[in-house]
Amino acid sequence: MAEGRPGVAATLQALNAALGWHSALWVKESGARNLRHRDFLAPRAALSAAFPGGQVPPEAVSAVPSLRGPAVLPLRVCRQTPAGLAVQVRRAEAFQRLLAPLPEPAAPAAGTRTGCVVLHCPALRSPTALQPRHLRSVLVAEHLAQLLRAQGVSVRLVPALSEERSWDVLRQLRIYWPSGSGGSSLTDAVSALKAALDQCPCAAESEQGAGTAEGVICKVHLKSFVEQQGLLGYDPNLDVLLVTEGTLQSLAELQEAVLQCPVSDPMALPASRFPIQSSCCSIVHVVNCEEEFQQQQLDVLWRILDPGAHTALQKHLVCGPVKVTNPSSPIGADQYLQLRKRQMYEASVMKYGELAQDEAWTEVIDTLTVAAIRFELLSTAHRSQITLDLENNSISTKGTKSGAFVMYNCARLATLFSAFQRAVEQGTYPPLPPVSQLNFSCLREEGEWLLLFNYLLPFPEVLQQAAQLPPSSKGIRVTANTETVCKFLIQLSMDFSSYYNRVHILGEPFPHLFDQMFARLQLLGAVRDVFHSALATLHLPPLSQI
């Protein structure tokens, strides 16, 4: 059987199957203390529930080390312990398989589609200057788009940025969002929506009175439609919506985005009044909690005007509030950015002295600032409140839970490999041999297995889980693990930093020390690649020095 890249899920599935169970009996260990004795554990309580007296048949226990599979880790021993059934991995072989280059994946078959998601961020339609709460939902949407694309999903971002307005703060934060005016196709879509309004039984002409806003086209009764359709999860206060040209413009942009989604099955097109050409398109409205009510109104109006399958797939990903401690006045996103940039500059000068005042450091400080803000707004679950302390200098180059700390450790890896390359060019060390010639049995330091087992091994599955959009069982809300990558990078940085501070990588140029040095460099090269791949989902370029 061909051996591929081992994975956590495949190994756990094989372990469960070896005991004759499809449910989760086994857990992967992650703590340094437990990893000294075992890598996987079937806890005593789980075994007691699955087997009489908690006694696993001896033949099942003896069969575990012989488990094989293209994505199953090589297992060394399985034994009964007071904590339960414990398994250890053949570590040298695991290093070899995880650090060896994999063959290029096969190209997808022609016509294969992995679906399309439209991510709609109403914050970018705010008539006022962007505030940190708007910034949070934009960053969540953009990061989610990157995660979905990494899994092969087609993503459309809505709305397009207006060309009449300055979006400098987004550019400085490296937020890459499409822009454009829409053109004649958008005008046609608005006209089609107006025609649908004329035939809509829920719509009524708006009487121009003292309490009626200017520019209202008509009013639509949302509550009766929600009740008739039995829709769940909507605010009970939804009632009458005053429809304006801007309302229809917003819906038209969503229609256009759905139109651009790839066709999955032309024979299974949704029954829509509009020429929608996708049966696999989901719409996710990424909103802050203050915009949620208005977006529900837009959602229901779209369902009324276009009862196609795509409008029934609308979900709302709601971001919690962003509180600013003791603000003298409401703070804009641009002020927030400039304040954090000044604080990062001051922190860098304190740590690096005059070096940080050099012009070459401008780009470094800009990148550290973007990293600090992205981690500040993304490392908390999107449903939870964030509190920004802008009075005290909460930005630091030392704090272990900041974006700057992650970038610092990424730069340490770049410095290590630059130093090694210079030493090779000077003849101090030979070049790094191919993986097949490396002796991974030299890697016995606790931190080395921790880096491989907790980060390199599960990284692809971490990205997959972060990109999942499981719908809630009822209602319209959806949650996503948009904090996962930031938390993963922070924990990786902490464990890498601990290892790097403890272990000297580039030792004396004695041939008998090369085996260990080369094995460590191969491991840390893979760690560097994980840093780069994870940072790419945050639109953060790795730093070459700091």
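This briefing walks through a few strands, salt bridges and single residues of the structure above. Please keep in mind that the model is predicted. A search of the whole structure turns up 17 salt bridges, and three of the pairs are described here: R374 with E142, D168 with R171, and E445 with R502. The tour starts with strand β4, whose six residues are buried, and ends at D306, a buried loop residue.

**Strand β4 and its partners**

- Strand β4 covers residues 84-89, and because six of its six residues are buried, the strand is largely enclosed by the rest of the structure.
- On one side of the pairing, β2 and β4 run antiparallel and are joined by four bridges.
- Within that pairing, L41 stands opposite A86 of β4.
- Strand β3, residues 75-81, also pairs with β4 in the antiparallel sense, here over six bridges.
- One of the bridge partners in this second pairing is V89 in β4, which is matched with L75.
- The link from β3 to β4 is a hairpin of two residues.

**H37, in the loop before β2**

- H37 sits in the loop that runs between α2 (32-35) and β2 (40-43).
- With a relative accessible area of 48%, H37 is partly exposed, because the partly exposed class spans values from 20% to 50%.
- Setting aside neighbours within four places in sequence, H37 is in contact with R79 and Q88.
- R79 falls within the range of β3, residues 75-81, while Q88 falls within that of β4, residues 84-89.
- H37 and A86 are 49 residues apart in sequence, yet their C-alpha atoms are 8.3 Å apart in space.
- A86 is the residue of β4 that L41 stands opposite.

**Salt bridges**

- As background, side chains of opposite charge can pair when their charged atoms come close.
- The side chains of R374 and E142 meet in a salt bridge, with an N to O distance of 3.0 Å.
- R374 belongs to helix α14 (residues 361-378) and E142 to helix α6 (residues 132-150), so this pair ties together parts that are 232 residues apart in sequence.
- Both ends of this bridge are buried: R374 has 0% relative accessibility, and E142 has 1%.
- D168 and R171 form another salt bridge, with their closest N and O atoms 2.3 Å apart.
- This pair stays inside one element, since both residues lie in helix α7 (residues 168-172), three residues apart, or about one turn of the helix.
- D168 is partly exposed, with a relative accessible area of 31%, whereas R171 is exposed, with 56%.
- In the third pair, the closest N and O atoms of E445 and R502 are 2.8 Å apart.
- E445 lies in the loop between α15 (403-425) and α16 (446-456) and R502 in helix α18 (residues 484-502), so the bridge ties together parts that are 57 residues apart in sequence.
- R502 is partly exposed, at 43% relative accessibility.

**D306, a buried acidic residue in a loop**

- D306 has its place in the loop between α11 (292-305) and α12 (309-312).
- At 0% relative accessibility, D306 counts as buried, because the cut-off for that class is under 20% relative accessible area.
- The side chain of D306 makes a polar contact with the side chain of Q255, at 3.5 Å.

Terms used:
Residues numbered from 1 in each chain as written. Predicted model: local features only at pLDDT ≥ 70, side-chain atom pairs only at ≥ 80, totals over all residues. Heavy atoms only, no water. Buried < 20%, exposed > 50% of the residue type's maximum accessible area, 1.4 Å probe, protein only. Contact = heavy atoms within 4.5 Å. Salt bridge = Lys/Arg side-chain N within 4 Å of Asp/Glu carboxyl O. Pairing = 2+ DSSP bridges. Polar contact = N/O pair within 3.5 Å; in protein donor to acceptor, adjacent residues only side chain to side chain.
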